[in-house]
Amino acid sequence: MYRKQVRRRRAVLALLIIGSFALLTFTYGQASNGLQRGVSTIFSPLQEVANRGLKPARDLVNWFDSTFDARGLNSRLEAELEKARSQAVAGQAARAQNAQLRKLLGLDRKVVPAGYRPLTAQVIARSPTVWYSTVTIDVGSGDRVAVDDPVIDGDGLIGRVAEVTGGSAQVTLISDHSSAVSAKVVPQGVQGVAKAEVGDPGELNLDFIDSNRLVHRGEAVVTAGWRVQGFASLFPPNLPIGEVTHTSIVEQEANQQVHVRPYADLRDLETVQVLTGGWRG
Amino acid sequence: MIVTPKILARIVAIAIAGVLLQLSFFSRVAFFHTSPDLLPSLVVSFGLLGGTMTGVVTGFSVGLLVDCLLVEPLGASSLVLLGVGYLAGLFRERFEIHSPLVPPLLCMGLTLVAELGFGLLQLLLGFDATVSILVVREILIQSIFAFFLGWPIYLGLRRALRPALVEDPTAQRRKQPTVLGA
């Protein structure tokens, strides 16, 4: 009797292991399948309810974490404030000039690039492991969201839509290991590819930067948004990504290592905007 | 564990609630820049209470649900979590749980195994990014969180599944007849 039980257990274990490998083999690198779309559709309302119901508790916990962080940041911010004060005067003059020029050129002052329709969405779920950086949002193909649509928040670029179901979409964040964003450092215009450093959502690496063109701390990094002979970057140009924190030149390589701190807080995302349409739409 | 339809419904409800709680709450809060991972502790608790079969099946199902809801490659989370459930169940079948510290310590150890398992699986599937040393810190902190989360999860689960448990010391104590004059 006991042996029979042991055999049955082993059979179930073997079956499930084989099943897992089979699922992994058939679904890895593929678009979402019927099972995932079905389950997402069924659970989306539940996730939305859970998301709304748990928001106060989440905010409370994150407030504690932010308070601890704020203590450490205080001294650094004081030093930065000194520097910012001196730049503010010059900035105000430049802003006034900029406003006049924009009026003259008839440019839209919105951050959203021309041709894109921003669609506001709520984050309803987030990947639990450190190895994936994905979030699920409460808009999907029913809201005209498509795969590869850029996603931003109030601070800058956060990622792109990787999968879409009827009422929800999965967003691969720029801190995910599979993410690569064609970017440029402004005002110099040096171009590179912003890639994630797994485990540290507060840092990106800007690869393929020519070591002859030096990049400096504090410079802004935005999307490059190139378009060449029918091929185009997934992201429109000039979406803010982050700020250069430090650079180093590796002796053996001709490239500079540029470290970038994303403007967006990729750990604490609540409301985001999907840029639908655009030059691909 | 004696799994009646009523107990099965409870297990399914607890697993779904656990997954929703993880994706909507625990994954989106941070202590010391790290989000707790409740799911390995939940699967370990199932394994400790029900043995290898329960651990393996709940681990696979919870992993599959997570992968479906996050629209990630199916099977990765299932494989890792069924391994964790199997190890917890094996522990339950081979050893007695004498100390109340055993479940949280196992949750801690097996969460560490699960996170390393996820990493190993990622490496096997192909990985095109640098890995920060902060991953180590994050995994260790997640394991410590699992110690503190594992304790209430195990107790809560034992309470919820009490009618199905074969060896429940609390129930056994209650059934012992009172010997008058002893």
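# Strands, interface and core

Modeller: Two bridges connect β7(A) with strand β1 of chain B (residues 130-131), and the two run parallel. One pair across this join is Glu197(A) and Thr130(B), which stand opposite each other. Keep in mind that the model is predicted.

Colleague: What makes β7(A) and β1 of chain B a pair?

Modeller: The bridge count. Pairing needs at least two bridges. β7(A) and β1(B) have two bridges, so they qualify as paired strands.

Colleague: How do you know which residues of chain A and chain B are in contact?

Modeller: By C-beta atoms within 7 Å. On that basis, chain A gives 49 residues and chain B gives 44 residues. On the chain A side, α1 (2-27), α2 (34-105), β1 (116-126), β2 (134-137) and β7 (190-198) each give two or more residues.

Colleague: Which element gives the largest share of the side of chain A that touches chain B?

Modeller: α2(A), with 15 residues. By type, that side of chain A has 24 nonpolar, 16 polar and nine charged residues.

Colleague: What makes β6 and β9 of chain A paired strands?

Modeller: Two bridges are the minimum. β6(A) (180-186) and β9(A) (220-223) have four bridges and run antiparallel, so they pass. Ala183(A) faces Thr223(A) in β9(A).

Colleague: How do you know that β12(A) pairs with β9(A) and with β13(A)?

Modeller: Count again. β9(A) meets β12(A) (240-249) over three antiparallel bridges. There, Val221(A) has Gly242(A) as its bridge partner. β12(A) also meets β13(A) (255-262) over seven antiparallel bridges. Ile249(A) lies opposite Gln256(A) in β13(A). Both counts reach the minimum of two, so both are pairs.

Colleague: What is the largest nonpolar core built from?

Modeller: It has 108 residues. Ile137(A), Ile158(A), Ala194(A), Ile241(A), Leu69(B), Leu81(B) and Val84(B) touch the most other members.

Colleague: Why is this core said to lie between domain 1 and domain 2 of chain A?

Modeller: Domain 1 (2-26) and domain 2 (115-281) of chain A both give residues to this core, so it lies between them. The C-alpha centres of these two domains are 40 Å apart.

Colleague: Which residues does Val84(B) touch?

Modeller: Leaving out residues up to four places away in sequence, Val84(B) touches Pro40(B), Val43(B), Val44(B), Gly59(B), Leu110(B), Val113(B) and Ala114(B).

Colleague: What is the secondary structure of chain B?

Modeller: Seven helices and one strand. From the N terminus, the order is α-α-α-α-α-β-α-α.

Colleague: Why is chain B called as compact as a globular protein of that length?

Modeller: The radius of gyration of chain B is 18 Å, and the globule rule gives 16 Å for 182 residues. These values are close, so chain B is called as compact as a globular protein of that length. Along the principal axes, the C-alpha atoms of chain B fill a box of roughly 75 × 30 × 30 Å.

Colleague: How many of the residues in chain B are buried?

Modeller: Of the 182 residues, 53%. Each counts as buried because 20 or more other C-beta atoms lie within 10 Å of its own. As for contacts in chain B between residues at least 6 apart in sequence, 75% join residues at least 24 apart.

How values were computed:
Residues numbered from 1 in each chain as written. Chains lettered and ligands numbered in written order. Predicted model: local features only at pLDDT ≥ 70, side-chain atom pairs only at ≥ 80, totals over all residues. Domains from an automatic or database assignment. Contact = placed C-beta atoms within 7 Å. Nonpolar A, V, L, I, M, F, W, Y, C, P; charged D, E, K, R; others polar. Core = buried A, V, L, I, M, F, W, Y, C linked by C-beta atoms within 7 Å. Buried ≥ 20, exposed ≤ 12 C-beta atoms within 10 Å, placed from the backbone. Rg over C-alpha atoms; globule rule 2.2 N^0.38 Å.
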